[in-house]
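Reader: I am new to this structure and should be grateful for a close look at one part of it. Would you please take the first helix and its surroundings as the subject?

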Amino acid sequence: MTTLAGTGGLVRFILRRDRVRLPVWVLSISVSVLGSVASFASTYPTAADRQARARVLDSPVASLFVGPGYGLDDYTYGAMTAQEMLPITALAVALMSIFLVVRHTRAEEESGRADVVRATAVGRHAAAVATLAVVGGANLLLGVLLAVALPLSLEGLSPGGSVAFAAALTGVGLVFTGVALVVAQLSRAARAALGAASILMAAAYLLRAVGDMGGGALSWLSPFGWATETRAYVHERWCALALPGLAAAMLSVAAVAIGGRRDVGAGVLADRPGPATGPPLLGSPWGLALRLQRAALAWWTVSLLGLGLVYGGIAEEAGELYEDVSAIAEYLERIGAADAADQYLALTFFVSALIGAGYSVQSALRLRGEESAGRAEPLLAAPVSRWRLAGSHLAMSLGGGVVLLLAFGLGAGTTRALSAGQVSELPRLLGAALAYAPALWVFTALATALFGLLPRASGAAWAALAALAFVGFLGPLLRLPDWAYDLSPVEHIPRLPVAEFTPVPLVLLTLVAAGLLAVGLAGFRRREVGAT
């Protein structure tokens, strides 16, 4: 039997398992890009409108969020597409690759299913190669769809530029496919692999941002920098596409080689032996939930604190980007006229709330993971009620969301107070961040309701968050109707520090969260544990 025996069967198995997940990833990214690009013609109908937009983006602060500024002297629809859509779409493609790879490698080993598969006529390298084939194929399919559809979505997008744009995204996806596959060989836990790969992705994006703000040299050290350096629709650099191809090939070969030298279920990095006896805190469900989720909470907190420090520090400069920017006129109209820096900060709090909602959903669904892995039943066999078991994880989700908002508000408030020279900015921005807590509680409650009533559909909480984030970020560009915004709990929070504070939406959202939590806990109490 060869080391690749059974690869074809595993490819078919992965495609069968992800028959919904894969199309959702590919189509959601494609539709987001194509819908945004198609709106450029109505948002910027004349060359003068586009040049006004280019002048706004011609600054180091703008490079932190968008591309390095190629083509700003003649800001065509193509240059706009590459400048404003490529960096953020590349992030989505990288996340897709990371999640899919870890799901079919380390998560399979952690659950024990990989041992069952390997007991059949399956070679040692078959699982890794099958995962590479499927995830790489998804990236290639996404690239083909965009290359074909972009010229059709907006007149003025050249076929050559569209191919360069799509190839740059595919290159990013293939690189992080390799990154995730390597990381999956190092740790025994899927969550650790996801966390490490995500940190590497964030570091690469930050490296690109810092490089684009400076001379551009650092950008060549990042896969995201390689994507922007293709200069799609401007002066295509086809040679830049060789870098992600070479990096992806090297990472993939390294991952397969490492996987052939370790035991299934084990990681290359040795586990640190724990103490012979556990601390008294682990004797309660609350302590156990804290122990299980403390690492995730710590990473989320540090990340949002860092974002807050950056966003608060550049609020004055970034706020100027909103002046004369017709693309976000609808958003500014919805939050009201105010100081440009406050408008920018209002948007960052909105974004931080959506990011924090990701933690809320992840934390609330941790109990589903414990149940699926068979670790919840032994706990319930002890003198532990279902209320206490579920409540312990809900406390981490509800309280952790507040901690994340506090971290972001603290970071933004501190740097904003230092740059503005006004100490009053710190409590003002802390309050603006905490106002989003009820919205995060609604996401926790939604995940809990799905877990209690329809455990197999618990993952729909992620789909709901993704859909609402799509509406929040791209709704103004796509001119979605008002009812689409009303579906999101985050949209009902007063846009502090721009809008006036009113407690009514916060109270109503808290009541909605309480009702969903009650429904979810009642469903969990009545259904069979371990039900699928």
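Author: What follows describes helix α1, the helix it packs against, and then the nonpolar core and a nearby topic, the backbone of one loop.

The model is predicted, so that local features need pLDDT of at least 70 and side-chain atom pairs count only at pLDDT 80 or more, while totals for chains, interfaces and linings use all residues. Residues are numbered from 1 along each chain as its sequence is written, and side-chain values use heavy atoms, with hydrogens and water left out.

Helix α1 spans residues 7-17; helices here are DSSP runs of H or I with at least four residues, numbered from the N terminus. Its buried residues are Thr7, Leu10, Val11 and Ile14, where buried means under 20% relative accessible area with a 1.4 Å probe, protein chains only. These four lie on the same side of α1 because they cover an arc of only 105 degrees around the axis, the arc being that of the directions from the helix axis to the C-beta atoms. An α-helix has 3.6 residues a turn, so residues three or four places apart point the same way.

Helix α8, residues 126-153, packs with α1 at an angle of about 50 degrees, and the two axes are 9 Å apart. Axes are lines fitted to C-alpha atoms, for helices over the stretch in contact, and angles run from 0 to 180 degrees between N-to-C directions. The angle makes α1 oblique to α8, a word for angles that are neither under 35, nor over 145, nor from 65 to 115 degrees. Thr7, Leu10, Val11, Ile14 and Leu15 of α1 meet a set of α8 residues that includes Ala126, Ala130 and Val134, contact meaning heavy atoms within 4.5 Å.

The largest nonpolar core has 71 residues, and Leu146, Leu150 and Phe165 are among those that touch the most other members. Such a core is a set of buried Ala, Val, Leu, Ile, Met, Phe, Trp, Tyr and Cys residues joined through side-chain atoms within 4.5 Å. Helix α5 (residues 77-104) supplies the largest share of this core, 15 residues. Leaving aside residues up to four places away in sequence, Phe165 touches Leu146, Leu150 and Tyr233, among others.

Tyr233 is found in the loop between α11 and α12. This tyrosine is buried, with a relative accessible area of 11%, and has a positive phi of about 70 degrees although it is not a glycine.

Methods
Buried < 20%, exposed > 50% of the residue type's maximum accessible area, 1.4 Å probe, protein only. Helix = DSSP H or I, 4+ residues; strand = E, 2+ residues; numbered from the N terminus.
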